Amino acid sequence: MLIKLSAFFISGKFRYLIFKTRAMFTVYILFSPGHGRYYIGQTSDINARLIRHNSGYEHATKPYKPWEIKITITKDTRSEAMILEKKLKNLSRERIQLFILKYGSTDSQI
């Protein structure tokens, strides 16, 4: 759980609001058009993760860059994301393509 603190200046005094928010986790499927390869992973920050993949910071994906996002699926907890990631990694290439066709290329709640 993340805690967000916001401060407001009202009537000459600081007022604080504390928000409790849940971190969301994203399972994603990337595709390398130049090599025809898929990569499946999970993260709490999809934008930063895509930058890491395309910058060559990740050993497993470095030889196949650039990568593009084919689909993202949001989960409430890391354990839910890890379970889905493991299931997707066990799919064949054809089943991954069918999964992408079925659930689209936008953020999904599966």
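Exposed residues are those with over 50% relative accessible area, buried ones have under 20%, and partly exposed ones lie in between (1.4 Å probe, protein chains only). With that in hand, look at α3, where E94, R95, L98, L101 and K102 are exposed on one side, while I96, F99 and I100 are buried. These buried residues cover an arc of only 95° around the axis, which puts them on the same side of α3; the arc is that of the directions from the helix axis to the C-beta atoms. An α-helix has 3.6 residues a turn, so residues three or four places apart point the same way.

A word on what you are looking at: this is a predicted model, in which local features need pLDDT of at least 70 and side-chain atom pairs count only at pLDDT 80 or more, whereas totals for chains, interfaces and linings use all residues. Residues are numbered from 1 along each chain as its sequence is written, and side-chain values use heavy atoms, with hydrogens and water left out.

## Overall layout

The protein has three helices and six strands, arranged along the sequence as β-β-β-β-α-β-α-α-β. Helices (H or I, at least four residues) and strands (E, at least two) are DSSP runs, numbered from the N terminus. Of the 110 residues, 31% are buried. About 7,600 Å² of the protein is exposed, with 55% of that supplied by carbon and sulfur atoms; accessible areas come from the Shrake-Rupley method with a 1.4 Å probe, and for residues only the protein chains shown count as cover. Contact here means heavy atoms within 4.5 Å. Among contacts between residues at least 6 apart in sequence, 54% join residues at least 24 apart.

## The cores

A nonpolar core is a set of buried Ala, Val, Leu, Ile, Met, Phe, Trp, Tyr and Cys residues joined through side-chain atoms within 4.5 Å. The largest one here has twelve residues, among them V27, I29, I40, L88, I96 and F99. Two or more residues come from each of β3 (25-32), β5 (68-75), α2 (78-89) and α3 (93-103). A second, separate core of five residues includes Y28, L30, Y39 and W67.

L88 gives a good view of the largest core: beyond its neighbours within four places in sequence, L88 is in contact with V27, I29, I40, I96 and F99. The buried residues of α3 pack against β3, β4, β5 and α2.

## Two helices side by side in a table

The helix α1 (46-55) can be read in the manner of α3. Its buried residues cover an arc of only 60° around the axis, so they sit on the same side of α1, and they pack against β3, β4 and β5.

| Helix | Buried residues | Exposed on the other side | Glycine that follows, with phi |
|---|---|---|---|
| α1 | I46, R49, H53 | N47, I51 | G56, positive, near 85° |
| α3 | I96, F99, I100 | E94, R95, L98, L101, K102 | G104, positive, near 80° |

## The β3-β4 hairpin and its rings

β3 and β4 pair in the antiparallel sense over seven bridges; two strands pair if DSSP finds at least two bridges between them. Four residues separate the strands in this hairpin, and G36 in the turn has a positive phi of about 65°. L30 has Y39 as its bridge partner in β4. Five of the seven residues of β4 are buried.

Rings of Phe, Tyr and Trp (its six-membered ring) pair if their centres lie within 6.5 Å; planes under 30 degrees apart count as stacked, over 60 as edge-to-face and the rest as tilted. The whole structure holds five aromatic pairs. F31 and Y38 form a tilted one, 4.8 Å centre to centre with 45° between the planes. F31 is buried at 14% relative accessible area, whereas Y38, at 22%, is partly exposed. Elsewhere, ring pairs link Y28, Y39, Y64 and W67 into a cluster.

## A cis proline

P66 lies in the loop between α1 and β5, and a cis peptide bond with omega of about 5° joins K65 to P66. Most residues other than glycine have a negative phi, and most peptide bonds are trans. P66 is exposed, with a relative accessible area of 55%. Leaving out residues up to four places away in sequence, P66 touches F31, S32, P33 and N54. P66 and L30 are 36 residues apart in sequence, with 9.6 Å between their C-alpha atoms.
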